[in-house]
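This report covers a two-chain model. Please read it with the sequence and structure at hand.

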Amino acid sequence: MSVWQDFNRGIVSENPVLRLMIGLCPTLAVSTSAVNALGMAAATSFVLIFSNLVVALIRKIVPDQIRIPIFIIVISTFVTIIDYVMQAYTPDLHRALGVFIPLIVVNCIILGRAEAFAYKNPVLASTLDGIGMSLGFTLALLTIGVIRELLGAGAIFGVSLYNPAVAATIMVLPPGAFITIGFLMALLNKWENKVQ
Amino acid sequence: MAKNLKMAVVLAVFCIVSAGLLAYVYNLTQPLIVKNAKGSFDLSLKGLIAADSFKQEKNTFVAIKGKEIVGYAFAVKPQGYGGPVEMLVGLDKEGRVLAVKVLGHKETAGLGSNIEDQKFLKQFVGKTSKDKVEPKQDIDALTGATISTRAVCHGVREAMDQCGKITK
């Protein structure tokens with residue numbers, strides 16, 4: 001298992017959203033536009049990378065029985081930090097993402113990677129795993145966000161492309177998220193079957 | 001026993017470090033957060049009524065230009081579809097609506113969220129307490145968002161009622 005694989009794994013072959021099907025709650029809720037998707041992805045990536053790093057650092061001193069509470073403390077500390085920082089520096093984005101920033105605490109990608117990977121692997125591999133998983137999450141979220149904004153609001157990154165009156169409003173509503181994710185997963189499966 | 005003690009100590013140390021770190025970040029960001037919230041609210045008030053200053057009394061903001069009262073702004077929170085709709089309603093001293101602004105809401109994206117649209121909010125300008133201010137009567141309801149439309153109407157009504165009590 002090389003270092004490159006630790007990094008690469010999260011992007012396609014074990015993409016958290018489209019492959020492992022975890023972290024779907026924030027994905028469904030905030031991928032209504034490309035900007036929201038990027039903001040959420042950035043906040044989650046920050047928490048994921050640093051929690052992986054810290055968990056890998058402390059794994060030798062943490063008794064096995066209390067590892068989960070410790071993970072939660074580490075994760076929630078980083079979530080609260082990013083919550084404050086976004087409130088202070090990007091208040092508009094923070095308002096748009098609303099309750100989903102504090103809810104990063106319960107995003108299963110983060111606890112999942114801490115338990116399944118960072119707790120058993122050294123710092124470098126864990127950090128790379130965090131970065132790879134973050135990239136995979138970002139790519140998935142951004143793709144979904146762009147598709148939903150384009151079809152549902154007639155815009156990309158807030159730049160209007162056609163009259164929103166003819167856009168399919170359902171795409172920015174929750175069903176639109178399920179439809180988009182379904183098609184993306186099908187495409188990814190087809191593509192991977194072909195490669196193999 | 002020693003094992004249990006070790007667990008407690010480790011957990012306590014992590015909690016203390018975390019609390020310390022959070023206190024530091026909190027102190028660093030809090031002034032900015034407060035400034036942001038106040039700044040955006042003041043800006044909304046100024047966009048509502050052309051005035052030099054506002055005197056706040058509970059949810060009422062008395063707009064003063066020179067030494068005269070030129071109007072009133074009311075912060076109201078009517079119940080919408082997804083939660084309260086926070087809005088500001090500005091009226092002149094005769095009780096005519098000058099402008100309506102939606103500050104925050106949890107309405108459905110793409111449907112109820114259109115209550116922020118200027119085209120929709122412009123309908124309320126010039127209304128007085130003699131008008132009905134009701135969807136499908138003198139206000140065009142938003143497509144697929146009857147409840148959100150009604151909430152904004154209620155908010156405007158409430159502001160008019162409060163204004164009527166003050167100016168009487």
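## Salt bridges, interface and local geometry

Both Arg9(A) and Asp129(A) are buried. The model is a predicted one, and this pair is a place to begin. Arg9(A) and Asp129(A) form a salt bridge, with 3.0 Å between the closest N and O atoms. Arg9(A) sits in the loop between H1 and H2 of chain A and Asp129(A) in helix H7 (residues 123-153) of chain A, so the salt bridge ties together parts that are 120 residues apart in sequence. The two residues also belong to a network of salt bridges that links Asp6(A), Arg9(A), Arg113(A) and Asp129(A).

Over all chains, the structure holds eleven salt bridges. Three of them, including the one just described, are listed below.

| Salt bridge | Closest N to O distance |
|---|---|
| Arg9(A) and Asp129(A) | 3.0 Å |
| Arg19(A) and Glu192(A) | 2.1 Å |
| Arg67(A) and Glu115(A) | 2.8 Å |

The pair of Arg19(A) and Glu192(A) links distant parts of the chain, 173 residues apart: Arg19(A) is in the loop between H1 and H2 of chain A, and Glu192(A) is in helix H8 (residues 174-195) of chain A. Arg19(A) counts as partly exposed because its relative accessibility is 23%.

Arg67(A) and Glu115(A) meet through their side chains in a salt bridge. This pair, too, links distant parts of the chain, with Arg67(A) in helix H4 and Glu115(A) in helix H6 (residues 108-118) of chain A, 48 residues apart. Arg67(A) is partly exposed at a relative accessible area of 22%, and Glu115(A) is partly exposed at 26% relative accessibility.

The next topic is the interface. Chain A contributes 22 residues to the contact and chain B contributes 20 residues. About 1900 Å² is buried between chain A and chain B, 80% of it on carbon and sulfur atoms. On the side of chain A, the most area is lost to chain B by Ile73(A), Tyr84(A) and Ala88(A), which together account for 26% of what that side buries. Helix H4 (residues 67-89) of chain A gives the most to this side, with twelve residues. By class, the side of chain A that touches chain B has 17 nonpolar residues, five polar and no charged. What does the rule find across the interface in terms of salt bridges? Zero salt bridges are found between chain A and chain B, while three residue pairs are in polar contact.

Turning to cysteines, the structure holds zero disulfides over all chains. Cys108(A) is in no disulfide, and the nearest cysteine sulfur, that of Cys25(A), is 8.6 Å away. Cys108(A) is partly exposed at 42% relative accessibility, and Cys15(B) is partly exposed at 39%.

Backbone geometry is worth a check at two residues. Met21(A) is not a glycine, yet has a positive phi of about 55°. Met21(A) lies in the loop between helix H1 (3-8) and helix H2 (24-30) of chain A and is partly exposed, at 39% relative accessible area. Lys136(B), also a residue other than glycine, has a positive phi near 70°. Lys136(B) is placed in the loop between H2 and H3 of chain B and counts as exposed at 69% relative accessibility.

Thr128(B) is in the loop between helix H2 (118-121) and helix H3 (146-167) of chain B. Beyond its neighbours within four places in sequence, Thr128(B) is in contact with Gly95(B), Arg96(B), Val133(B) and Met160(B).

Technical notes. Residues numbered from 1 in each chain as written. Chains lettered and ligands numbered in written order. Heavy atoms only, no water. Contact = heavy atoms within 4.5 Å. Buried area = accessible area lost by both parts, 1.4 Å probe. Salt bridge = Lys/Arg side-chain N within 4 Å of Asp/Glu carboxyl O. Polar contact = N/O pair within 3.5 Å; in protein donor to acceptor, adjacent residues only side chain to side chain. Helix = DSSP H or I, 4+ residues; strand = E, 2+ residues; numbered from the N terminus. Nonpolar A, V, L, I, M, F, W, Y, C, P; charged D, E, K, R; others polar. Disulfide = S-S within 2.5 Å. Buried < 20%, exposed > 50% of the residue type's maximum accessible area, 1.4 Å probe, protein only.
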